[in-house]
Amino acid sequence: MGLRGQVTRWLLEISPGVFVGVLSRRVRELLWERVCELVKDGRAIMVYPAKNEQKLDFMIHRYDWEPIDLDGVNLVRRPHTGQALQSAAKPRAGWSKASRYRKVHRRRGG
């Protein structure tokens with residue numbers, strides 16, 4: 001049985017690749033082990049209820065993003081890439097019709 005078959009034994013698939021449900025801790029841990037075995041080159045994230053400020057916790061398998069604890073709050077740190085910072089800092093030219101409209105009206109003087 002494949003990964004999807006294993007997971008749908010315990011959880012509902014609400015969207016392709018998105019499964020939800022309520023599991024005991026033991027079943028959740030065993031299912032996570034199975035997911036990590038069967039996912040092969042893919043990636044997986046499991047979010048589950050926890051007794052903390054956020055009321056949830058998560059496990060990540062084969063993602064570049066890494067979970068970190070910041071003063072008791074779980075966050076996900078994305079890897080630093082120079083290209084991502086450049087694209088976020090400056091929008092590319094011509095990204096909307098409004099920019100072209102302003103340029104035409106400046107040339108006409110109105």
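Three salt bridges are present in the structure (side-chain nitrogen of Lys or Arg within 4 Å of a carboxyl oxygen of Asp or Glu). The model is predicted; local features need pLDDT of at least 70, side-chain atom pairs count only at pLDDT 80 or more, and totals for chains, interfaces and linings use all residues. Residues are numbered from 1 along each chain as its sequence is written, and side-chain values use heavy atoms, with hydrogens and water left out.

E13 pairs with R4, with 2.6 Å between the closest N and O atoms. E13 is partly exposed at 32% relative accessibility, and R4 is partly exposed at 47% (buried means under 20% relative accessible area, exposed over 50%, partly exposed in between; 1.4 Å probe, protein chains only). A second bridge joins E29 to R25 at an N to O distance of 3.0 Å. These two residues are four apart in helix 2, about one helical turn (helices are DSSP runs of H or I, at least four residues; strands are runs of E, at least two; both are numbered from the N terminus). E29 is partly exposed at 36%, whereas R25 is exposed at 59%. R34 and E37 form another bridge, 2.9 Å from N to O. Both lie in helix 2, three residues apart, again about one turn. R34 is partly exposed at 29%; E37 is exposed at 52%.

Helix 2 also contributes to the largest nonpolar core. This core has eight residues: V7, L11, L31, W32, V35, A44, M46 and Y48. A nonpolar core is a set of buried Ala, Val, Leu, Ile, Met, Phe, Trp, Tyr and Cys residues joined through side-chain atoms within 4.5 Å. Helix 2 (25-38) and strand 3 (44-49) are the elements that give two or more residues to it. Beyond its neighbours within four places in sequence, W32 contacts A44, I45, M46, M59, I60 and H61 (heavy atoms within 4.5 Å).

The largest pocket holds about 570 Å³ of space. Its lining comprises 23 residues, of which V7, L11, F19, I45 and M46 are the closest to the centre. A pocket is an open set of points on a 1 Å grid over the protein atoms alone, where a 1.4 Å probe fits, with protein on both sides within 12 Å along at least five of seven lines; lining residues have an atom within 4 Å of a point. Helix 1 (3-8), strand 2 (18-20), helix 2 and strand 3 each supply at least two lining residues. Strand 3 gives the most, six. By class, the lining has 18 nonpolar, two polar and three charged residues.

Note on methods:
Points joined across faces, edges and corners; volume = space filled by probe spheres on them. Nonpolar A, V, L, I, M, F, W, Y, C, P; charged D, E, K, R; others polar.
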